[in-house]
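Visitor: I should be grateful for a close look at a single part of this model, namely a place where two helices meet. Please describe the packing in detail and then add whatever else merits attention.

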Amino acid sequence: MARLADYFVVVGYDLDKRVEGEGEGQGRILQRFPEKDWEDSPFPQGVELFCQPSGWQLVPERQPPSFFVAVLTDINSERHYCACFTFWEGQDNPQLQKARTSDVDEVDEDPTVIQPAQVFAPKSLVLVSRLDYTDVFRNCLALVYTVHVDGLTVPLETVIGNLLTCVIPIAGGAQIIESRVCSLDMVPQACDWLLACVQPGQEERVDSLRTITLGAGDRQVIQTPINDSLPVSGSSAAQLFRQLGIVNVLYLFCAALTEHKILFLSSSYQRLTDACRGLLAIMFPLKYSFTYVPILPGKLLEVLSTPTPFIIGVNSFFRSETQELLDVIIADLDGGTVTIPECVHISLLPEPLLQQTQTALSMVLDPELEIADHAFPPQSSLPSAPKIQDKEIRAIFLWLFAQLFQGYRWCLHIIRIHPEPVIRFHKAAFLGQRALTEDDFLMKVLDGMAFAGFVSERGPPYRATDLFDDLVANEVERIRQEEASPHKVMNHIKELAEQLFKNENPYPAVTMHKVQGPSGNGQKATQSQSPFPGLDEVTVQLFIDHATAKLKTAPPVVKVEVKSMVPSGPPLGDMVDRNSNVMANSARRLEVVRHCITYIFENKMLEAKKLMPAVLRALKGRAARVCLTQELNQHVLQNRAVLDDQQFDYVVRMMNCTLQDCSHMDEHGIAAALLPLVTAFCRKLGAGITQFAYSCVQEHTVWTNMQFWEAMFYSDVQKHIRELYLETEDGEHHNHIEQQEGSGGGREIGALELASEQSRLWPTLGKDMQTERVQKEESTVFSQAIHYANRMSYLLLPLDTSKNRLLRSSGLGDVESVSNSYVTNSIAGSMAESYDTESGFEDAESSDVANSVVRFINRFVDKVCNESGVTNEHLKALHTMIPDIVQMHIETLDAVHRESKRLPPIQKPKLLRPTLLAGEELVMDGMRVYLIPDGREEAMGTMGGPPLLPAEGAIFLTTYRLIFKGTPTDPLVGEQVVTRSFPIASLTKEKRISVTLPMEQFVQEGLQLRSCTFQLMKIVFDEEVAADLAEVFRKHMHKLRYPQHVQGTFAFTMGQSGKLVVEHKAKDKNQSLKTLSKNLVKSAKRTINRQYVMKKKYSPPTWENRSSFQSELDEDEISVSEEVEPSSLTLSSTIRSSDRQTMSNVVERACCRDYQRMGLGTLSNSLTRSKNEPFRISTVNRMYTVCRSYPGLLIVPLIG
C-alpha cells in the first residue's frame, strides 16, 4: 500500500523578492501539508522552481489555469512526481503603489508608459507523490480549485485532508478486486500479489480498493497495474512517435541506450513530460539511471553542461540558450525534428533487427501503407486507438529486446548465493555466441549502466517473474520462426500488446469518474474571485493524525510475491564464425587436427610434421580451435602431460597458433580452455627443473586483459560453489528441482537452478546453518583468489625477466578502465601500492617486472574480492601473499631460463643464394626471414594450389633489387623454391609490423615493403636475427633507395654503389646532388633567353624501317657536354653516313635540347668529350625496341 499523495503544497508569488524593472520575481511556499516530513519520503527541495519553469512573472491579463507534472529525483534516486495546477490571482500593480508612495520627482521619466491598475500573479497547487497517476492528480487538484472558485459548502481542509490520507494498492488490484475477501486469512494461495486495504468504519466492498472520494460529491476509479514492474505509459509512447516519426524516435532510442545526452524542446510542459515518459517506456526492461528531468526550470539551464548523459526537457522559450551545446541531441517536439551534432555518433541497432523494427512500427502507425497500392483495398484499415497503439508500440520494443537478450541467462555467473545472490554477466561469451563481437551498438549497451541494473535486478535465479521473463525464455523459438513473416510478427505483437493493456487497465470498461469542474458562474466569477484562502493547519493535521492512527491499528498490509525459479530458456545455438569459411570448419579438417595430436603423443613425429602445416591452417577456424582444446584436455586427464622436447615444441606451436587468432576478449572461450592446459603440459630440462607451457605462450594480449581474468575467476567460483552444495546436500532438496522440470531427472543441475533452490530454502534454515554456509562460500572465493594470483603470475611474468616487452606494450599500469564489472570500490586502496615497495627485490630490472605484475594482481584481487564479499582480514592476507608468490615464481623462472639456453638449437634449412644479374652486386648478405602471406590467397593453398606461403628463407639486398629466396614451411611442398623480388628504386612504403608466426612461439618483428611495381613483400625476421642487424638492413635499404650521390641512382655502376654504401662517411670528390642542382640552376639562367626553332618536325621511323637498325643498337657515340654552343648542334664526323638522317632527328628532339639546357653536356664524339662529364646520352633505345615504355634517349653515368 502507498499514499496517493505525500504532500500538498500551496506556492505563490513572492512580492518581496521581485526584481524591479523586469517584472520577474520568485516563488514562495505559502503552506505545505503535512509540515513534518514523512520518514519514508522526505519533502523534495526546489518545488517552487518547478511550479513556474519559465520564471515567476506578473501578467496584465488573467491566463487560463494550467496543469502539468514535473519529476524530481532525490538523493536516493527515488522519483517524486510533482503535479502542478496553476491559476492566476489579481492584485494591485506594485509599480503604481510605489509611484504613489514616492515623490513626484521620482516617478518614471517616460510618461507614455501606462501601467495597468491590476496585474495577475500565478499561484500553484502542488501534489507531491511517489506514484505516477497523472489523470487522478489532475482531477483532484481541479476539484480543489472548483471548491474554491464555486464556493462549495465543503471545507477545503476536508478535501485536502481526505486527499492526503488516501491509501491505494501499488499493484495487483485487479486480482484482488474479483474477490470479496479483504482479510489476510481468506486470500487464495495462488495469488501472486496480496494487497489488502482495510480501513475500520468502511464497508468491505470491492470498490473500496480502487475507488476514492474526497468528500465533495466526487468519485474516482484508480486502476492499479497488475504487475508494477511493467511501466505505465498511457498513450505517451504513441504520442512521441506521432510527434517525431519512426526514424527520429529510433535514433533517440539508440542514443538513450548508448548513453548520449538528449534534450527535448516544446512549448508545452505536459508534452515534455509525456515525451520523456514515452522514451523510458520503450526502453523496458532496461531502466534509465542517469539524470532525468522532464521539465528543467530556466534558472537551472547550466545543468545542460554536465558531462554525464541525461534526458531533459526544456521549454522552447529557451531555444536560443541551447544552440551552443556541442554534444547534445536536440529533439523538437513541436517541429518534429531531431538535430544530431556532427561530433556525436549514434550506434544503431544491428541488421536485420533495425529493418524488422521499422517495418513493424510502420504497420502499427500507418497500416494503410501496406495496402496503398492494392487495386481492391479493404474497407477499413484505420490505426488503433491511441492507448491500444501505445501498447502495440511497446510490444514491438519488448519483442526487440527479447531478440537482443535471448540466452542472456546462460552467460550469468553466480559467485555468491548467501546471504544475497551476487550475479555477474559474461559479456565476451554472450557476444561470441551471438556472433556480435563487431556490433558497436550491443557492445555499448552491455557496457552501460542500464544493463548493469538489468543484471542486478533480473539476475537472481529465485524471484517473481513478469512478461519479459516469459517472453525471453519461452517465446524465443516462436520469434525465430516468425521473423521472416511480418504478419506473423504482428499477430505476436498484438498478443503482447493485449497483455500490456490488461496489466495497465485491469477493467477497461469501468468508467465511474465523477469529478465536478468549475461551473459557468464560477468561470465568470473568476474576474472578481477572492484569493485562495489560507488553510487551517490544525484541521488538516487532525485528518492526517487520525488516518495514521487507524492504519496502525489495522491489520498489516502484506505483499506476497509468488517467487519461483526464473527459466533460462533454450541455450544459444552455435553461431557460424564470421571469420572462417566452411572449409576450415569441415569434419575433414577436424579429423586432421585429431590425427596430428595423436601422432604427437604416440611419438610419430615424422607423420605429425607432415600434418602440422594443415593443422595450423585449420586452426584459423573456431571449431578447430575448440577441437584442439578438447583433445589436449583428454591427454591431460590421461596423465600424459609430461612431454619430450619435440612433443613440447609441437604442442606449444599449436597453442600459440590457436591464441594468435583469439581477440583480447576471448569471446569463444578458447583462451579460457587453454588456461588449465598451459599449466599442465611440461618438459624436463634437468634435475628438478621443469618448464611448463605457459612460459612459451605469454606473448598474447588476452593475458593482460582484466576482463578475461574476471570472467575466468567468476566462472571457476561458480563451479566450486555448485560443487560445494552438491557435496554437502543429501540430494533431497534437488528432487524438488527435478520434479519441477518433469523429465529433467537425468539432466545435470545447473548453477542457477541450484542457487534458486538454495534461495528458496534459506528462510527455513537456522541461524547457525546460515552462518556456516556464508563462511563456506566466502572461504571458497578466498581460495580461488589465491589460486588465480598464482595463475596470473604464471602468464604475466616473462621467462627472461630482463625482457619486459609484454608488460611495456600491454600497459598493465592502466587497467582500471578495462574492468568487466560495473562498480569499482577498492577496500585496499593504497594498500596495493604499499605492498609494491615491500616485495624485497634487489635486482632493478626484475623488480620493475615484479612490481608491474604485483600491481596488476592487487587490482584484480581488490576488484573480485570486494564484489564477492570477501572479508577485510582475508583481503589483507591476500595482499601480503601476492609479492611472495611473484618473487617465488621469478626464482623458479630464472632456473628454467638458464636451462632452456642449453637446449640444442633447432636445425633450420640451408639458405639459398639468388642468381644475380650481370653487374648486380650484393650489398648485405642474406638474413634469415619468413615470407608471410600478404592477403592474396593464390599462394596459401586455399584455392587449390600448393601452399607456398609462409616460406622460410633469406632476404638479400643488392645494388638493384630486394630479393627473397626460400622454401615453403609446409614439408609436403618443401622441394619448391619461392622467389620474390622488386627493384629497390621502386620501393614506395616501408612499415614495421609485429606478427606471431604459426611456426614460431613468440611475436616477431618484421617489415612490410610495398613497391610501385605492384609487389608487396611481408617479411618477418627469424629469432636468430638481432634487432640491431635488422635496423642496419633497414638503413642500408633506405640509403640505396634515396642515395646521397647522383651516381647512386644507377644500379649497374661497376662496384660504385657497393663502395658507396660501405664507406658512406668518406668524403666524395664527385659532385653531390646539392651541388649539381646549383649548377643546373646556373645553366638554366644562362640559357633562359636562348630560343631554338626546330626546322623540321620529327617523325619517328615506321615499324618496317626500325628493324634495319637492329644491328647498330650496341653503338653509342653521342654524348652531351655541360655548355650549349652553336657548334654543338652539328653532327659528329664519326657517325656513318647511313645514320646521319636518324641522328639529325635525334638532335632535333625537344628532350635532347632539354638535356643540353639543363647542363648535362654537349654533343661531341668520344675523342672530344670532357673528362669531367659525369653522364652521357645513350641511344640504345632510339628505335624503342629495347623497351617500348622507356624514352628514346637515356641519360646514363659515365664509367671509366
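**A helix crossing and its wider setting**

Guide: In this predicted model, helix α10 passes helix α16 in a right-handed crossing. The two helices, α10 spanning residues 386–404 and α16 spanning residues 486–504, pack at an angle of about 115°, and their axes lie 8 Å apart. On the α10 side, the contact is made by Lys387, Ile388, Lys391, Glu392, Arg394, Ala395, Ile396 and Trp399. On the α16 side, Val489, His492, Ile493, Lys494, Leu496, Ala497, Leu500, Phe501 and Glu504 take part. Sorted by class, the residues of this contact comprise 10 nonpolar, 1 polar and 6 charged.

Beyond the helix pair, Ser129 may be considered. Ser129 belongs to strand β7, which covers residues 118–129. Its relative accessibility is 0%, so Ser129 counts as buried. A polar atom of the Ser129 side chain lies 3.0 Å from the backbone nitrogen of Leu131. Apart from neighbours within four places in sequence, Ser129 is in contact with Arg3, Leu4, Ala5, Asp6, Arg79, His80, Tyr81 and Phe137.

The cysteines complete the account. The count of disulfides, with a cut-off of 2.5 Å between sulfur atoms, comes to 0. Cys51 is in no disulfide, the nearest cysteine sulfur being that of Cys84, 4.2 Å away. Cys51 counts as buried because its relative accessibility is 1%, whereas Cys1012, with a relative accessible area of 49%, is partly exposed.

Methods:
Residues numbered from 1 in each chain as written. Predicted model: local features only at pLDDT ≥ 70, side-chain atom pairs only at ≥ 80, totals over all residues. Heavy atoms only, no water. Helix = DSSP H or I, 4+ residues; strand = E, 2+ residues; numbered from the N terminus. Buried < 20%, exposed > 50% of the residue type's maximum accessible area, 1.4 Å probe, protein only. Polar contact = N/O pair within 3.5 Å; in protein donor to acceptor, adjacent residues only side chain to side chain. Contact = heavy atoms within 4.5 Å. Axes fitted to C-alpha atoms, helices over the stretch in contact; angles between N-to-C directions. Left-handed = near helix turned anticlockwise from the far one by under 90°. Nonpolar A, V, L, I, M, F, W, Y, C, P; charged D, E, K, R; others polar.
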